[in-house]
Amino acid sequence: MEKVGLSAQIDSWFAAHRDEVIQWRRHLHSHPEVSHHEIDTTQFIAECLRERGLEPHLFPETGLYVDIGPESDEKLAFRADIDALRVEETTGLPFASRTPGASHSCGHDVHTAISLALACALAEIDVPFGVRVIFQPAEEVMDGGAPDVIKWGGLDGVACIYAVHAEPKLRVGHIGVRTGAITSAADVLRINVTGPGGHTSRPHLTNDVVYALGSLVTQLPALLTRRIDPRTGTVLVFGQIEAGFAPNAVPKTGRVSGTIRTQDIATWRTLEPLMSELIDAIIAPTGCSHELAYTRGVPPVMNDDVATAALVEAVRSVDPHAIVQAPQSSGGEDFSWYLEQVPGSMARLGCWRGTGKKYDLHQGDIDIDERCLDVGVRLFGTIVERFADADRVPTGA
């Protein structure tokens, strides 16, 4: 069988099974499971794969991967995230979430259906090299699933990896690409402040916890702008502050929490010690004590030059007018952990209808144009074909 026929064969398979793939997506959409609890989702994916003669490798908790084609140490991999968000769905769709307080409002049902379709199509094709499709749990939480997948051997033998992320601001049929950072690092800091407590009529006889918290939320972001290059897009925003129970009592404890994001991976590696230094300096004059709980989230997704060039070539071969330059998002994505290990690239998959409202991710009313499934499967199929034509999986710059 000619290698150049791989993409056409995948297209043909999808044309014959499109309704089934849509039903997969709708089933997943109506039965969302949040991070680390994707039990039925994992079982559903595994059953679909086994029906096509494939043998999935189940992870110790939830999620799985499946290998197609000959065994090799230079596999081409694709990743789908399978978890849902703790967001109530408000779309009113016939296949809306049946799980109270949970929904696929980040498009993971789309990612999963596309990747599942690719695996099932490849099961019926003579693929000349190894392909791995990873169905990853727990992308939406800070203790994300990507490090677990790596620990469980999900990247063993993988030479290059790709993923797409649904983009409701981008017209369906368009694919956003970007070399280098396409997302940002995102960390969480929680600062607990303590003092002896006292009466508001005698603030000089106590250490004012509320004043210390106010100093943190105003001075810490300001000081950051004088210690970090503004071109890195580093932003600290507090989303929670809590202290006290009465207007005339200085509380003994208080806490403030927020996120710090940066577009620069080198800056990300320096943030935790810098935050500790600045917090110490701000709190010291107040006489209060404090504890910093700093949770490192994810580094930026750093799209590899060579892998992204191959992605661009694949998009152009599908539709030369489909490519758009993706902006760098300030959101985090744990696909970045894979790219710390092997080269790869993530693309933005347009899923806006082209008319009407442009939705936001992580909102309960998001309504995705299912024609993006066609685009995603065709894109992945074309990537497989281009690597087959090259007789190798690129290993990055």
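This is a walk through a predicted model, from its nonpolar cores to its salt bridges and then to a group of annotated residues.

Let's start inside. In soluble globular proteins, nonpolar side chains tend to be buried together. Here the largest nonpolar core has 67 residues, and Leu49, Phe135, Tyr162 and Ile383 are those with the most contacts inside it. Phe135 is a good place to pause. Setting aside neighbours within four places in sequence, Phe135 is in contact with Ile45, Leu49, Phe59, Gly63, Leu64, Val66, Ala80, Ile82, Thr112, Ser115 and Leu116. One of these partners, Leu49, is itself among the residues with the most contacts in the core. There is also a second, separate core, with 26 residues, including Val256, Met275, Ile279 and Tyr294.

Now for the charged side chains, where the count of salt bridges comes to 23. Take Arg132 and Asp67, whose closest N and O atoms are 2.7 Å apart. Arg132 belongs to strand 4 (residues 131-136) and Asp67 to strand 2 (residues 64-68), so this salt bridge ties together parts that are 65 residues apart in sequence. The two ends have their own surroundings: Arg132 is buried, with a relative accessible area of 3%, while Asp67 is partly exposed at 26%.

A second pair to look at is Glu333 and Arg79, whose side chains meet in a salt bridge at 2.9 Å, N to O. Glu333 sits in the loop between strand 15 (323-325) and helix 9 (335-339), and Arg79 in strand 3 (residues 75-81); the pair links distant parts of the chain, 254 residues apart. Are the two partners buried or exposed? Glu333 has a relative accessible area of 3%, so it counts as buried, and Arg79 is buried too, at 1%.

Arg255 and Glu242 give a third example, with their closest N and O atoms 3.5 Å apart. Arg255 is in strand 12 (residues 253-262) and Glu242 in strand 10 (residues 235-243), 13 residues apart. Here Arg255 is partly exposed, with a relative accessible area of 29%, and Glu242 is partly exposed at 40%. Salt bridges can also join up: Arg25, Arg26, Asp109 and Glu370 are linked in a network of them.

Finally, let's turn to the annotation. An unreviewed UniProt entry gives "binding site" for Cys106, His108, Glu140, His165 and His362. Why can these residues be said to gather at one spot? They span 257 residues in sequence, but no two of their C-alpha atoms are more than 12.9 Å apart, so they come together in one place. Of these residues, Cys106, Glu140, His165 and His362 are included in the lining of the largest pocket.

Two of them are worth following by eye. Cys106 lies in the loop between strand 3 and helix 3 (108-122), and with 5% relative accessibility Cys106 counts as buried. Beyond its neighbours within four places in sequence, Cys106 is in contact with Leu85, His111, Glu140, His165, Ala166, Leu361 and His362. His362 lies in the loop between strand 16 (344-352) and helix 10 (372-389). In contrast to the buried Cys106, His362 is partly exposed, with a relative accessible area of 36%. Leaving aside neighbours within four places in sequence, His362 is in contact with Leu85, Val87, Ser105, Cys106 and Glu140. Leu85 and Glu140 therefore appear among the contacts of both Cys106 and His362, and the two loop residues are in contact with each other.

Notes: Residues numbered from 1 in each chain as written. Predicted model: local features only at pLDDT ≥ 70, side-chain atom pairs only at ≥ 80, totals over all residues. Heavy atoms only, no water. Core = buried A, V, L, I, M, F, W, Y, C linked by side-chain atoms within 4.5 Å. Buried < 20%, exposed > 50% of the residue type's maximum accessible area, 1.4 Å probe, protein only. Contact = heavy atoms within 4.5 Å. Salt bridge = Lys/Arg side-chain N within 4 Å of Asp/Glu carboxyl O. Helix = DSSP H or I, 4+ residues; strand = E, 2+ residues; numbered from the N terminus. UniProt positions renumbered as here; feature names shortened; annotations may be inferred. 1 Å grid on protein atoms, 1.4 Å probe; cavity = no way out; pocket = protein on both sides within 12 Å on 5 of 7 lines; lining within 4 Å.
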